[in-house]
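Here are my notes on the model you sent over, in numbered points. Have it open beside you as you read.

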Amino acid sequence: MNLFLAVFAALGISSSIMVIRANNPVYSVLYLILVFVNVSGILILQGLDFFAMIFLVVYVGAIAVLFLFVVMMLNIKIEERQESMLRYVPVGAGIGLIFFLEVIIALDKEFVPLNPLAFTSLDNDSALIPEYLHWGTTLGQKTGIEAIGQVIYTYYFYYFFMASFILLVAMIGAILLTLHNDPKVKRQEVFEQNAREFSRTIQKAS
Amino acid sequence: MTEFFPIFIFLIISLGLSLILVGIPFIVAPQKADPEKISAYECGFDPFDDARGKFDIRFYLVAILFIIFDLEVSFLFPWSLVLGEINFFGFWTMIFFLLILTLGFVYEWKKGALDWE
Amino acid sequence: MFYLFESDFLGLIPETFLLLGLSTLLGYGVWYEKGRESEMTSHQLWVGGLCLAFTFILLCESPLMNMILCFNTLIIDGMSAYLKALILLSTLCIFGLSFSYLQQERIKAFEYVILLLLATLSLMLMVSSYDFISLYLAIEFQSLGLYVLAALKRDNEYSTEAGLKYFVLGAFSSGFYLFGASLIYGLTGTTNFEDLGILFTGVGPTDLFTQGSVVVGLLFLSVAFLFKISAAPFHMWSPDVYEGAPTVITAFFSVAPKLALFGVLIRVFYLGFFDFLFSWQQIFFFCSLASMVFGSFGALAQVKIKRLLAFSSIGHVGYMLIGLATGSLQGLQGIFLYLLIYLVMTINAFSVVLSLRTHEGEPRFLLDLKNLNLKSPILALTFSLTLFSMAGIPPLAGFLSKFYLFFAALDASLYSLAILGVLSSVISCFYYISIIKLMYFHKAEEVQLKPLVGIDGQKGFLLGITFFGILFIFLYPSPFFLLSHAAALSIS
């Protein structure tokens with residue numbers, strides 16, 4: 001299992017580096033797809049199978065496709081990118097180091113030890129590692145997707161409604177910004193054509 | 001976790017097969033690249049411009065609308081599994097969600113967003 | 001299951017009404033739009049304004065004062081009622097300003113109204129949110145609508161640039177927010193603000209090692225919020241976005257998201273993380289200083305009207321952050337009072353900017369304000385008094401709000417903030433007075449002055465109301481004091 005995690009994580013990180021380093025923007029999007037697939041693999045290892053499927057369906061199937069459309073629409077030629085990346089190395093490395101240190105500070109910390117009595121033996125003054133009772137394994141098993149479903153439509157329906165509003169705004173916004181109805185194009189109004197009555201279409205004019 | 005192992009086998013086999021199919025020509029086929037051979041053909045002339053036509057923005061709009069309805073369907077997946085347990089309240093929350101998205105659908109239909117010339 | 005949430009729907013009546021109203025407007029607009037585009041926008045504006053007025057009445061007459069809704073994800077209290085009322089008022093004012101603007105700019109998209117109503121709904125839900133996830137959803141909801149509105153004029157490069165910059169910065173700051181929120185969740189196991197507040201009780205300056213990781217999460221959260229309210233040093237995006245977006249949308253940007261985000265800041269930091277006061281006080285101290293300094297010095301170099309207003313709003317955000325940094329009840333009351341007066345002043349300023357339109361188009365540069373005294377003396381008088389109020393000159397409304405905030409800062413021993421606040425007020429006086437000089441004392445050239453296109457009824461009404469507000473709030477401020485005090489008390 002650790003081997004799988006190592007492989008997926010290594011491939012994921014190297015693909016994400018290649019996303020920013022690839023010359024051709026289409027290659028960047030393809031590496032992004034590879035990142036998503038690797039993350040989806042890591043999610044399966046964590047036991048979140050529903051999210052892995054959703055990653056593949058939504059991220060790869062819709063969002064990466066959208067990225068590809070946009071990249072093809074912008075039509076970036078490879079020769080146009082002349083600036084060297086080396087200018088950004090000092091500041092970028094500095095900020096990256098700060099981020100990294102902050103993550104290290106926050107890593108593997110618990111603010112609330114669950115049960116102070118359930119510590120392992122206190123020999124050789126090692127850091128106290130609390131022992132947790134894995135409640136999930138003591139009860140009946142429920143798949144991830146069912147667990148999500150039981151909660152999101154009932155107790156946390158507010159989040160669900162907010163998701164619908166966000167999708168509505170996205171629809172209105174996308175159509176508002178990109179729809180271009182060419183006035184020269186002739187369209188058919190099917191219902192009006194079908195509702196035409198013969199007795200009223202032709203009239204004597206004299 | 002072990003139920004995903006066949007998927008992993010599938011992944012390995014497909015990866016291996018595609019690598020073989022792509023890699024073997026590199027090894028086996030003769031490759032003598034020549035400026036005349038790899039240049040683009042435009043009836044004997046040098047190419048005037050890039051071969052790509054102008055990409056229509058309607059593709060982008062179709063892709064965005066696809067994402068939105070895809071997300072709607074992905075919300076339908078867990079709901080369909082647990083419908084027996086969430087009783088009427090869960091049913092009606094999903095109906096409300098679908099109503100909001102139907103409103104967006106009506107908007108998009110009347111605007112003619114998916115009409116292709 | 002419905003019995004669990006019965007009263008929740010009663011508490012959310014204003015938002016539900018707004019949602020039903022805007023759905024009806026959306027359906028009406030898209031069905032009957034063909035052939036009637038020019039009237040459709042004004043129809044939508046009138047009915048949308050009516051919808052907002054009814055929502056306002058429903059909000060004020062709501063019998064439910066304090067309530068936690070929807071399974072600990074939303075809260076209704078005094079502060080949320082106050083801020084929601086202000087948000088609805090601000091959107092009503094924006095609708096009033098849009099009547100002539102949409103006609104003059106020939107914007108025929110009725111979705112403008114729908115998106116503004118959706119943004120208002122999201123701001124109201126943002127103020128009520130009680131959980132990191134509901135807050136994130138509301139922030140994204142609001143941001144998405146505003147990204148589209150900033151880029152509304154599709155053929156104008158400034159507008160497209162504004163939309164793009166706003167989107168990139170907004171998405172970036174939402175990324176920071178998610179990172180901070182997920183760190184907090186990973187450390188504590190809960191996302192609810194009340195639970196976090198209870199969990200952190202009595203933490204204080206002990207056990208710095210575990211506390212340090214929470215401070216890291218808090219740092220990311222505060223950076224995200226500071227990006228969104230365009231406080232320095234995260235203010236880079238706002239002059240470009242404010243300049244490029246359509247002027248009415250700029251007015252909305254200056255007022256409404258700041259109202260909601262200050263409510264959010266108060267809820268997150270005063271309710272959720274009050275025990276880490278000594279950590280986040282320093283963050284807001286520094287950002288307040290930087291905002292006041294950058295706001296006043298940055299505006300000195302500007303030659304365009306909307307960029308100047310953007311920098312002045314950065315300065316105002318700096319003053320409001322003083323109130324946030326105090327950690328006291330007086331500071332909260334100062335913020336609420338300042339938000340109200342800032343609303344009045346900004347609506348007035350933008351109404352004036354919108355009234356300066358000539359036949360050639362709307363004014364972009366400060367020099368277009370030249371000799372306004374000769375073109376329209378009342379407009380010049382209104383604008384000059386608004387600018388004096390923004391500078392904080394007594395006996396105008398701006399002075400009252402700054403006075404309160406500086407006193408709150410002095411009570412909390414933030415002496416340098418108060419001193420620097422006064423100093424930056426003095427510096428901002430300089431450029432406000434230079435605008436007044438342009439309007440009144442500029443040499444009139446022989447060239448004909450371009451006459452202004454007339455001001456329509458709604459804009460004139462707004463100008464008048466806000467002008468009298470600025471003049472006379474100082475004489476009778478007690479209702480505003482009572483309101484803001486009640487709002488502040490609800491947090492304690």
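1. Let me begin with the contact between chains A and B. Together the two chains bury about 4,500 Å², and 82% of that lies on carbon and sulfur atoms. On the chain A side, Tyr153(A), Leu167(A) and Met171(A) supply 15% of the area buried against chain B, more than any other three residues. In residue terms, 47 residues of chain A are in contact with 47 residues of chain B. Please keep in mind throughout that this is a predicted model.

2. What about charge and polar pairing between A and B? How many salt bridges does the rule find across this interface? The count is 0. Polar contacts do turn up: 4 residue pairs across the interface of chain A and chain B qualify, with both partners at pLDDT 80 or more. The elements of chain A that give two or more residues to this side are α2 (25-46), α3 (49-74), α6 (144-152) and α7. Of these, α7(A) gives the most, with 14 residues. Sorted by class, the side of chain A that touches chain B has 32 nonpolar, 9 polar and 6 charged residues.

3. Now chain A by itself. Its secondary structure comes to 9 helices and 0 strands, so you won't find a sheet to orient by in this chain. Of its 206 residues, 28% count as buried. Among the contacts in chain A with a separation of 6 or more, 43% join residues 24 or more positions apart.

4. How far does the predictor trust chain A? The average pLDDT is 82, and 80% of the residues score at least 70. Which elements of chain A have the lowest and the highest mean pLDDT? Helix α5 (residues 135-138) of chain A has the lowest, at 66, while helix α7 (residues 157-178) of chain A has the highest, at 94. That same α7(A) is the element that gives the most residues to the side touching chain B.

5. On to chains B and C. They bury about 920 Å² between them, with 80% of it on carbon and sulfur atoms. Phe89(B), Tyr107(B) and Lys110(B) supply 58% of the area that chain B buries against chain C, more than any other three residues. The contact takes 8 residues from chain B and 12 residues from chain C.

6. The B–C interface also has charged pairs to look at. The rule finds 2 salt bridges across it. One to pull up on screen is between the side chains of Lys111(B) and Glu111(C), at 2.7 Å from N to O. There are also 3 residue pairs in polar contact across the interface of chain B and chain C, both partners at pLDDT 80 or more. The residues of chain B that touch chain C divide into 6 nonpolar, no polar and 2 charged.

7. Next, Tyr112(C), which is found in helix α5 (residues 111-127) of chain C. Is Tyr112(C) buried or exposed? It counts as buried because its relative accessibility is 2%, under the 20% cut-off. Leaving aside neighbours within four places in sequence, Tyr112(C) is in contact with Leu45(C), Ile94(C), Ser98(C), Leu102(C), Leu149(C), Leu152(C), Val248(C) and Ile249(C). For one of these partners, Ser98(C), the C-alpha atoms are separated by 9.8 Å, with the two positions 14 residues apart along the chain.

8. Trp280(C) is found in helix α12 (residues 277-300) of chain C. Its relative accessible area is 0%, so Trp280(C) is buried. Beyond neighbours within four places in sequence, Trp280(C) is in contact with Leu218(C), Phe269(C), Tyr270(C), Phe273(C), Phe274(C) and Leu324(C). As a ruler for this part of the chain, the C-alpha atoms of Trp280(C) and Gln302(C), 22 residues apart along the chain, are separated by 32 Å.

9. Last, Ser425(C), found in helix α18 (residues 415-441) of chain C. Ser425(C) has a relative accessible area of 9%, so this serine is buried too. Which residues does Ser425(C) touch, not counting those up to four places away in sequence? They are Tyr319(C), Ala391(C) and Lys402(C).

Methods:
Residues numbered from 1 in each chain as written. Chains lettered and ligands numbered in written order. Heavy atoms only, no water. Helix = DSSP H or I, 4+ residues; strand = E, 2+ residues; numbered from the N terminus. Buried < 20%, exposed > 50% of the residue type's maximum accessible area, 1.4 Å probe, protein only. Contact = heavy atoms within 4.5 Å. pLDDT = per-residue confidence, 0-100. Buried area = accessible area lost by both parts, 1.4 Å probe. Salt bridge = Lys/Arg side-chain N within 4 Å of Asp/Glu carboxyl O. Polar contact = N/O pair within 3.5 Å; in protein donor to acceptor, adjacent residues only side chain to side chain. Nonpolar A, V, L, I, M, F, W, Y, C, P; charged D, E, K, R; others polar.
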